[in-house]
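Here's a quick walk through one protein model, from its sheet to its helices and core. Have the viewer open as you read.

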Amino acid sequence: MRVIIAKELLVFHVEIGKPTVDWQFGKQLLELFAEHDKRLVPQLLSVWNDKVADFKDVEDARPHWAGVGQLQVNGSTSEFHAGLGWRRNLTTKYQAEIKHEHQNVKGRYQPASLSFYAKPHKSVDWRGFAESLYELTDAQYGFMHLYRDAHLRKDLSNAREPTWIVGQRTPASIPQLGWSTFLGRPYAGVVGQFLERNQHADHNVSVVKLGSGIAISLTESIYCVADRFDVFSLKRAKVKSWFPENFFTM
């Protein structure tokens with residue numbers, strides 16, 4: 001989905017912990033984008049990267065939310081709900097896409113997910129935005145992070161630090177600690193241990209309880225990742241040391 005290339009690229013991924021097919025959820029999600037900051041109001045709606053409508057009001061998305069498609073597998077036909085994308089070309093330039101919960105070809109349940117790539121604007125409250133999304137989606141795991149010099153790599157493969165996605169998590173581990181990270185129900189035990197240690201307050205790390213989990217923000221501003229990466233990296237390493245060994249795979 002990602003085609004945005006920017007010197008500083010903001011990446012947000014979340015594994016959603018509730019059903020997303022119903023329009024009521026879609027309405028709440030798009031209202032969050034439209035109301036959190038005027039620089040996040042969508043402009044275009046798309047399905048499979050093809051434009052389907054201009055965005056003038058949240059209701060413009062209703063006809064395109066969770067449309068039913070068909071898939072032929074081994075001679076049999078199965079139905080699925082198509083995801084929806086929305087993007088903005090003005091400040092802040094971004095792309096977002098939701099993939100609805102479904103069963104894969106092996107019959108295994110796949111939770112819904114939301115992805116967001118942006119050329120960020122410094123005036124947007126990114127921490128508040130991330131935490132609002134974690135709460136609305138009943139996130140199981142999610143993160144927001146900033147990559148520097150993203151214009152040098154379309155796929156982020158040669159990054160100063162490698163990227164990761166929510167699909168890389170396991171019941172016992174997550175890939176990495178982002179600038180903002182959410183740990184939900186699957187990690188209740190780890191969260192309990194983390195809170196018992198109660199070291200975050202002494203190191204100026206924000207920890208907010210949201211629904212069934214916690215949102216951890218390592219610094220006040222996400223731009224610290226780009227502007228003072230060495231300092232950020234040391235702080236991240238310190239916070240990671242408060243978690244069980246091998247909890248992080250990167």
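What follows covers the sheet, then the helices that lie across it, then the core.

This is a predicted model, so keep the filters in mind: local features need pLDDT of at least 70, side-chain atom pairs count only at pLDDT 80 or more, and totals for chains, interfaces and linings use all residues. Residues are numbered from 1 along each chain as its sequence is written, and side-chain values use heavy atoms, with hydrogens and water left out.

Start with the sheet. It is open, has ten strands and runs β3-β2-β6-β7-β10-β1-β11-β12-β14-β13, with antiparallel pairing. Strands here are DSSP E runs of at least two residues, helices are H or I runs of at least four, and both are numbered from the N terminus; two strands pair if DSSP finds at least two bridges between them. β3 and β13 are the edge strands, each pairing on one side only. From one strand to the next, the twist averages 15 degrees.

Three of the antiparallel pairings look like this:

| Strand pair | Bridges | A bridge or facing pair |
|---|---|---|
| β2 and β3 | four | Leu45 and Ala53 |
| β2 and β6 | three | Leu44 and Arg87 |
| β13 and β14 | five | Val207 and Ile216 |

β2 (residues 44-47) is covered on both faces: Leu44 and Ser46 on one side, Leu45 and Val47 on the other, are all buried (under 20% relative accessible area, 1.4 Å probe, protein chains only). In the β2-β3 hairpin, two residues sit between the strands, and Trp48 has a positive phi near 55 degrees.

Now the helices. α1 (residues 23-36) lies across β6, β7 and β10, at about 165 degrees to β7. Its axis comes within 11 Å of that of α2 (residues 126-137), crossing at roughly 170 degrees. That makes the two helices roughly antiparallel (over 145 degrees). Among the residues making the contact (heavy atoms within 4.5 Å) are Leu29 and Phe33 of α1 and Phe129 and Leu133 of α2.

α3 (residues 188-197) buries Val190, Val191 and Phe194. These fall within an arc of 100 degrees seen down the axis, so they line one face of the helix. Their cover includes β12, β13, β14 and α5. Right after α3 comes Asn198, with a positive phi near 50 degrees.

Finally, the largest nonpolar core (buried Ala, Val, Leu, Ile, Met, Phe, Trp, Tyr and Cys joined through side-chain atoms within 4.5 Å) has 76 residues. Leu29, Trp126 and Met144 are among those with the most contacts inside it. Met144 touches residues including Leu10, Trp126, Tyr134 and Ile222.

Technical notes
Buried means under 20% relative accessible area, exposed over 50%, partly exposed in between (1.4 Å probe, protein chains only). The arc is that of the directions from the helix axis to the C-beta atoms. Axes are lines fitted to C-alpha atoms, for helices over the stretch in contact, and angles run from 0 to 180 degrees between N-to-C directions. Angles under 35 degrees count as roughly parallel, over 145 as roughly antiparallel, 65 to 115 as roughly perpendicular and the rest as oblique. Lists of a residue's contacts leave out its neighbours within four places in sequence.
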